[in-house]
Amino acid sequence: MYKIVKKKVLNETVMLMDIDAPFIARKAEPGQFIILRVDEEGERIPLTIADFDRERGTVTIIFQIVGKTTKALSALEEGDYLCDFVGPLGVASHVEGLKKVAVIGGGVGSAIAYPIAKKLHHLGAEVDVVAGFRNKDLVILEDEFKAASNRLFIMTDDGSYGEKGLVTAALERLIKEGNEYDEVIAIGPLIMMKFVCELTKKYNVKTVVSMNPIMIDGTGMCGGCRLTVGGKVKFACVDGPDFDGHEVDFDEVISRSSMYKDFERNALEHHCNLMEVK
Amino acid sequence: MPNMSPKKLEMPVQDPIVRSGNFEEVALGYTLEMAQEEASRCLNCKNSPCVNGCPVNVNIPGFISEIQKGNLEKAYEVIHESSSLPAVCGRVCPQETQCESKCVRGIKTESVGIGRLERFVADYHMANSKEEVKVPESNGHRVAIVGAGPAGLTCAGDLAKKGYKVTVFEALHLAGGVLVYGIPEFRLPKVIVQKEIDNLKAMGVEVLTNMVIGKVLSVDELFEQGYEAVFIGSGAGLPNFMNIPGENLNAVYSANEFLTRVNLMKAYKEGSDTPIKNSKSVAVFGGGNVAMDAARCAKRLGAENVYIVYRRGEEEMPARREEVEHAKEEGIIFKNLTNPVQILGKDGWVSGVECVEMELGEPDESGRRRPIVKEGSNFVLDIDCAIMAIGTSPNPLIRSTTKGLETNKRGCIITEEETGLTTREGVYAGGDAVTGAATVILAMGAGKKAAAAIDEYIKAK
């Protein structure tokens, strides 16, 4: 059993939790993920490690309420326990040798982009962060990103905060202004990562994406998370989750990620009216 | 005077039509009277060839003669001296190629139903024994086991009996390995696996789940933590795909994924949070036990047509005879001498599979006749779900994070045959991690040998 030692609501559908998991906290690196199960009937879901504290022995997760399991998770309080919490899984993000980087976060994906920005910043790289949200109420981690970047650009779809527009608009402008990035790191919804990759391909800037396909075990034993990268089949849980975005077959990934849409919709209707997701 | 009946006493089974709609155990087991009748077919041979056919050398005539006398607890003790998981082995061992293949009665008639008798004794013990499990006296030494499958659990059990403090590290949230995620409930009820694991825990074995060795702790760190030897029983859980077009369409599963969703995550149960696709027509590619299990699960999930598509003939199928028969009774359709060339899709989902017919040529290096494509025999099978059950390989995680641990070109850990010693001092390995995908009982045999070798190694230090 794994104790929830801290819970913080970041916006109306996004939550942060610190979980007591000393073994994982000792080994975790940015880019890696955990798999958790809320209770005995629960499914296994992957969540990226948003932060960790090796001394306190805690691992931070940030999640958006999108379905039954994340809703059940969000209903737990400090002092409650998760039934299973396993990690750190996947390969850590490669940060060696990067001098100037643009980190792009989309929505709750910003929570995953944050630890990488923080690590790069800590290593002395020049870090520009572009974080995109639908509106002002959904903005998360602004102060954290400020502390972990040289420049922070917040974008909202409706212009209610920061600049109006998509992350790709800000990124294109930065590239056109002559910023030469060693690498763009994009983390967010599949469609956002796809468009970031299409943009950077045009300017020939290496781009790394963090993939989030459907997973079960997360240890390489089932291939549920497989995707095509550079024409080869890869398992996101052991070969990734980071991949060269210009090599990823996004259309296939998008199709595969919708596989259980009907089931997910039903699961949500059956079990929970606690919270209306707006 | 032994019972000279030429045939094994039939074991009652659930009706095929009824059982293909549920996940309850198919074979119902002997009653005491049946067990004694079958036990009386044993000739109690002096040289007992059956014992040599058993990878863990259970004293077979010994326990069978106790059944004849009605001493069922004694019979259990005899088995338990050699086997840590008799209720499991009695059910899933391919006895026809092991103990029962050596039975003297089998030369002219049917062999004694050794597996059925072992199962009977183990089930009887579980249902009736009130005896507390004895906690062996500690010898003060610690051993770490990586993987809670049949190899790891057997190694743990044997070492615990000798007084070792054993910790088993398991990556999944439940211990049991293939016994919990692979073999379905209708062949091996999970309560039985859980009871066997509880027995090990009662003997003092510590089982830590959610621990992925190679990620959360390395093998080297296990030694730093004071474990004096490590046994790797991490299995062969990496699924193979066929590398044919269409394999990443929605509703193409590896058998591992399909079976994990069904067995470990209980996707078949109302109220389970783990989804699984409801399909009308399912093709399972492969001819082993895993293929049979996947096909029979698909049928139980409500598919109307379930095909086994296998490139060789029925004679060459590696699956247990009994499971092939059970599958046929349940209405699984066998498409032997057939091989898929591409999976067809519509809107991202599986809509069919293009196959070719095969014929058998000369035997290949494995001794099986090589399948050859019949030119121009292409045809399409309408399906909406495909399951790949064409084998698995060892997961690379341990070998890629353990310095000095050598593996062969198939990724299997290299060990000494008799001891399971790897190329690293103090590190032993066994089961599918060494052999590639094989059987439960071979994994248990390897766990047993390694336990003996680890005991010698630590005592000699």
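**Exercise 1. Find which residues of helix 2 (residues 32–39) of chain B are buried, and where they lie around the axis.**

Step 1. The buried residues of this helix are B:A35, B:E38 and B:A39. Buried means under 20% relative accessible area, exposed over 50%, and partly exposed in between, with a 1.4 Å probe and protein chains only. Helices (H or I, at least four residues) and strands (E, at least two) are DSSP runs, numbered from the N terminus.

Step 2. The three residues span an arc of only 100° around the axis, so they sit on the same side of helix 2 of chain B. The arc is taken from the directions that lead from the helix axis to the C-beta atoms. An α-helix has 3.6 residues a turn, so residues three or four places apart point the same way.

Step 3. The buried residues of helix 2 of chain B pack against helix 4 (60–69) and helix 8 (114–128) of chain B. Contact means heavy atoms within 4.5 Å.

Conventions: this is a predicted model, in which local features need pLDDT of at least 70 and side-chain atom pairs count only at pLDDT 80 or more, while totals for chains, interfaces and linings use all residues. Residues are numbered from 1 along each chain as its sequence is written, chains are lettered from A and ligands numbered from 1 in the order in which they are written, and side-chain values use heavy atoms, with hydrogens and water left out.

**Exercise 2. Give the strand order of the five-stranded open sheet in chain B, and identify its edges.**

Step 1. The order is 3-2-1-4-16, with parallel pairing. Two strands pair if DSSP finds at least two bridges between them.

Step 2. Strand 3 (206–208) and strand 16 (427–429) of chain B each have a single partner strand, so one side of each has no neighbour in the sheet. From one strand to the next, the twist averages 20°.

Step 3. Strand 2 (residues 165–169) of chain B is joined to strand 3 of chain B by three bridges. Opposite B:V168 stands B:V207 in strand 3 of chain B.

Step 4. Helix 18 (residues 440–460) of chain B lies across strand 1 (142–146), strand 4 (229–232) and strand 16 of chain B, and runs at about 170° to strand 4 of chain B. Axes are lines fitted to C-alpha atoms, for helices over the stretch in contact, and angles run from 0 to 180 degrees between N-to-C directions.

**Exercise 3. Describe the surroundings of A:I62 and A:Q64, which UniProt lists under "binding site".**

Step 1. The unreviewed entry places this feature at A:I62, A:F63 and A:Q64. UniProt positions are given in the numbering used here, feature names are shortened, and annotations may be inferred rather than shown by experiment.

Step 2. A:I62 is in strand 5 (residues 58–64) of chain A, and A:Q64 is in strand 5 of chain A.

Step 3. A:I62 has 9% relative accessibility and therefore counts as buried. A:Q64, at 25%, is partly exposed.

Step 4. Leaving aside neighbours within four places in sequence, the contacts of A:I62 include A:L10, A:L47 and A:L141. With residues up to four places away not counted, A:Q64 touches A:T13, A:V14, A:T70 and A:V108.

**Exercise 4. Determine how many disulfides there are over all chains.**

Step 1. The search of the whole structure finds zero. A disulfide is counted as a pair of cysteine sulfur atoms within 2.5 Å.

Step 2. For A:C237, the nearest cysteine sulfur is that of A:C225, 3.8 Å away. A:C237 is buried, at 3% relative accessibility.

Step 3. For B:C355, the nearest cysteine sulfur is that of B:C385, 14 Å away. B:C355 is buried, at 0% relative accessibility.
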